[in-house]
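Please read the following report alongside the sequence and the model.

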Amino acid sequence: CMAMVPTFKNLQINVDQFEERCTIAQIPRTAMPEFASRFPETSKPSFVFYKEGKEVHCVEGLKAPEILRFINENMPPLEMEE
């Protein structure tokens, strides 16, 4: 969803080591058969979150506060150097 791009860019800039701790990818629903059947063709985006290869959360629609809250609450902690 292009409307979320500035928000995700802001996270990349303002969250320490964001790109090492979180991956954001845009995948067309038709790229994966399971997504094509699960998500109907609509203008409403779906945000699917995975952790260790398993789906852990899905947000349907542009709900930036919920999306940001989930990312912040589930992002791995910073690894401290000893």
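## A charged side chain

Which side chain of opposite charge is nearest to R21, and how many Å away is it? The nearest is D16, at 6.2 Å, and R21 has no salt bridge although it is buried; a salt bridge here is a side-chain nitrogen of Lys or Arg within 4 Å of a carboxyl oxygen of Asp or Glu, while buried means under 20% relative accessible area, exposed over 50% and partly exposed in between, with a 1.4 Å probe and protein chains only. The model is predicted, and local features need pLDDT of at least 70, side-chain atom pairs count only at pLDDT 80 or more, and totals for chains, interfaces and linings use all residues. Residues are numbered from 1 along each chain as its sequence is written, and side-chain values use heavy atoms, with hydrogens and water left out.

R21 lies in helix α2, residues 18-21, and its side chain reaches the backbone oxygen of P76 at 2.7 Å. Leaving aside residues up to four places away in sequence, R21 touches V15, D16, M75, P76, P77 and L78, where contact means heavy atoms within 4.5 Å.

## The faces of helix α4

In helix α4, which spans residues 64-74, the buried residues are I67, F70 and I71. Seen down the axis of α4, these buried residues fall within an arc of 95°, so they line one face of the helix; the arc is that of the directions from the helix axis to the C-beta atoms.

The elements covering the buried residues of α4 include α1 (5-14), α2, β1 (46-51) and β2 (54-60), whereas P65 and E73 are exposed on the other side of α4.

Key
Helix = DSSP H or I, 4+ residues; strand = E, 2+ residues; numbered from the N terminus. Lys, Arg positive; Asp, Glu negative; His and termini not counted. Polar contact = N/O pair within 3.5 Å; in protein donor to acceptor, adjacent residues only side chain to side chain.
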